[in-house]
Amino acid sequence: MKPKKLPVKVISVGNISLGGTGKTPAIIFFADHLIKSGKKVGIVSRGYGRKNKDIKVLINADNNSKIEDYGDEPILLSSRLRNIPIAVGANKYNAALQLIKKNEVDVLLFDDGFQTRKIYRDLDIVLLNVFNDIRDYKMFPFGILREPVKCISRADFVIFTKDNLINPKSEVSHLVGKYINDNVFYSSYKLEKIFCESSKDNFNKDKVIAVSGVGDPQSFESSLLKENINILYHFKFRDHHNYNQADINNIAKASKKMNALSIVTTEKDYVKLKKLDISKIDLKFFIVKSNFYLNKQSTQKILRRII
């Protein structure tokens, strides 16, 4: 079937694995660069984990924005990218049309769009996580892949993410190079700041409890260790975990037992955690803001196809 073409440029930021490649920080990075170049940007997302099945358009998320309506990642994207419309819907084509109808945009970023074969993309960017080794590159459930490695040949660009946290696996680079060779780049994932939303308290690196429900908890932990943060324990939940009060109670008990001084979590997790009664924990929740970085030359080469 011939892919449907939207009346604006479409950039997909996706992957061939089940997750954990850092799509959300990458989308923020490319959206920022497109905006600076004068483009009017919109984002289309499935809104994984939400309960509401209607197409929704989110602009400037706040404390009233519900996870069940939008999902955790669209709310995070909206909190970081102010005034940018984000359409959420299982049918991404219809979601995109609704966004375009109500908002003036000339470029759409598709979150996790590599497998959306029914929609024409002007640019396909595929992300790979450097933490995955050659043994991971098998089809699920034997590995992390949702389609074979050879499918990466459909991509215009491949970006290995989190290159600054661990040395890339040469076997993986060689495997990927069989299917795409010229347009392979390496990006970094840097901890920008650690802050508390509820106070101006300074973060203490000693005796920390980490909490995450992301696709790649290992890279989150590595970014903390790289800053010499003393992690007493890391609560690792599944990606998109829906936190409940029992989770908060368990974190509170562990923090007290270990004499922790603070708790750190990701921006994506805090979107959900703050909806619960976290006052049961005597410690402050600190939020880790991390960013995706790609060098200027590689960024320009990619965006030159659109700008």
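This report covers one strand pair and the two largest pockets of a predicted model.

**The strand pair**

Strands β10 (residues 208-212) and β11 (residues 231-236) pair in the parallel sense. Five bridges join them. Within this pairing, I209 stands opposite Y233 in β11. Between the two strands the chain passes through helix α6 (residues 217-225). This β-α-β crossover is right-handed.

**The pockets**

| Pocket | Volume | Lining | Nearest its centre |
|---|---|---|---|
| Largest | about 1300 Å³ | 48 residues | G19, G20, E73, D239, H240 |
| Second largest | about 330 Å³ | 17 residues | S79, F195, E197, E267, K274 |

Which elements give two or more residues to the lining of the largest pocket? They are α1 (23-36), α3 (72-80), α6, α8 (267-273) and β13 (285-293). Helix α6 thus has two roles here: it lies on the crossover from β10 to β11, and it contributes to this lining. By class, the lining of the largest pocket holds 14 nonpolar, 20 polar and 14 charged residues.

The second largest pocket draws two or more lining residues from each of α3, β9 (188-195), α8 and β13. Helix α3 gives the largest share, four residues. The lining of the second largest pocket divides into seven nonpolar, two polar and eight charged residues.

Some elements serve both pockets. Helices α3 and α8 and strand β13 each give two or more residues to the lining of the largest pocket and to that of the second largest.

How values were computed
Residues are numbered from 1 along each chain as its sequence is written. This is a predicted model: local features need pLDDT of at least 70, side-chain atom pairs count only at pLDDT 80 or more; totals for chains, interfaces and linings use all residues. Side-chain values use heavy atoms; hydrogens and water are left out. Two strands pair if DSSP finds at least two bridges between them. A crossover is right-handed if, with the strands pointing away from the viewer, the path from the first strand over the helix to the second runs clockwise. On a 1 Å grid over the protein atoms alone, a cavity is a set of points where a 1.4 Å probe fits but cannot get out, and a pocket is an open set with protein on both sides within 12 Å along at least five of seven lines; lining residues have an atom within 4 Å of a point. Grid points are joined across faces, edges and corners, and a volume is the space filled by probe spheres set on the points. Ala, Val, Leu, Ile, Met, Phe, Trp, Tyr, Cys and Pro count as nonpolar, Asp, Glu, Lys and Arg as charged, and the others, Gly among them, as polar.
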